[in-house]
Amino acid sequence: MVHLQESGFEVDVKDVSNAELMNIKQANGISPELQGCHTALVDGYVIEGHVPADLIARLLEERPAVQGLTVPGMPVGSPGMESTYSEPYDVLTFDSRGETSVYASR
């Protein structure tokens with residue numbers, strides 16, 4: 001959340017139970033293989049996992065016909081998972097059919 005706030009996003013954190021979170025993920029088309037640890041709803045899009053703020057801003061500017069962005073899992077080096085090293089990871093778009101494509105690689 002700090003990463004998003006430092007990047008100018010207003011963040012409204014809602015703590016929910018694991019069951020509620022799973023319901024939110026399912027209701028927003030986030031299949032198990034696309035799941036990360038955080039789910040956000042941003043201006044009509046779903047943001048799942050540790051998605052970099054600059055890519056959320058790009059998504060909101062470009063407004064592609066997708067459901068949202070996801071970084072499945074918790075890759076080391078992604079925002080909030082900083083370490084002395086980083087592993088490469090992909091930020092994926094996904095649509096209502098579960099189709100994905102690489103939006104950016106980091």
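## The largest pocket

In this predicted model, strand β1 gives the most to the lining of the largest pocket, with four residues. β1 isn't working alone, though: α1 (2-6), α2 (18-27) and β2 each supply at least two residues of that lining as well. The pocket has a volume of about 890 Å³, and 27 residues line it.

If you want to find the middle of the pocket, look for M1, D12, H38, T39 and A40, the lining residues that lie nearest its centre. By class, the lining breaks down into 17 nonpolar, six polar and four charged residues.

## The sheet behind it

β1 and β2 also belong to an open sheet of five strands, laid out in the order β1-β2-β3-β4-β5 with mixed pairing. The edges are β1 (39-42) and β5 (100-105), each of which pairs on one side only. Going from one strand to the next, the twist averages 25°.

Helix α3 (residues 53-62) packs on this sheet and touches β1, β2, β3, β4 (90-94) and β5. Its direction makes about 125° with that of β5.

## Walking across the strands

As a reminder, strands of a sheet pair through backbone hydrogen bonds, in either a parallel or an antiparallel sense. Start at the β1 edge: β1 and β2 are antiparallel, with four bridges between them, and L41 stands opposite V46 in β2. Next door, β2 (residues 45-49) and β3 (residues 68-71) run parallel and are joined by four bridges. Here E48 has T70 in β3 as its bridge partner.

Then it's back to antiparallel for β3 and β4, over three bridges, with L69 partnered by T93 in β4. β4 and β5 are antiparallel too, over five bridges, and F94 sits opposite T100 in β5.

How buried is β4? Four of its five residues are buried, so β4 is largely enclosed by the rest of the structure.

## Two hairpins and their turns

Two of these strand pairs are hairpins. The one formed by β1 and β2 has two residues between the strands, while the one formed by β4 and β5 has five. Both turns hold a residue with positive phi: D43 at about 50° in the β1-β2 turn, and G98 at about 85° in the β4-β5 turn.

## Positive phi outside glycine

Most residues other than glycine have a negative phi, which makes a couple of positions worth a look. D43, in the loop between β1 and β2, has a phi near 50°, a positive value in a residue other than glycine. R63 is another case: this non-glycine residue has a positive phi of about 55° and belongs to the loop between α3 and β3.

Which of the accessibility classes do D43 and R63 fall into? D43 has a relative accessible area of 54%, so this residue is exposed, given that the class starts at over 50%. R63 comes in at 40% relative accessibility and therefore counts as partly exposed.

Note on methods
Residues numbered from 1 in each chain as written. Predicted model: local features only at pLDDT ≥ 70, side-chain atom pairs only at ≥ 80, totals over all residues. Heavy atoms only, no water. Pairing = 2+ DSSP bridges. Axes fitted to C-alpha atoms, helices over the stretch in contact; angles between N-to-C directions. Contact = heavy atoms within 4.5 Å. Buried < 20%, exposed > 50% of the residue type's maximum accessible area, 1.4 Å probe, protein only. 1 Å grid on protein atoms, 1.4 Å probe; cavity = no way out; pocket = protein on both sides within 12 Å on 5 of 7 lines; lining within 4 Å. Points joined across faces, edges and corners; volume = space filled by probe spheres on them. Nonpolar A, V, L, I, M, F, W, Y, C, P; charged D, E, K, R; others polar.
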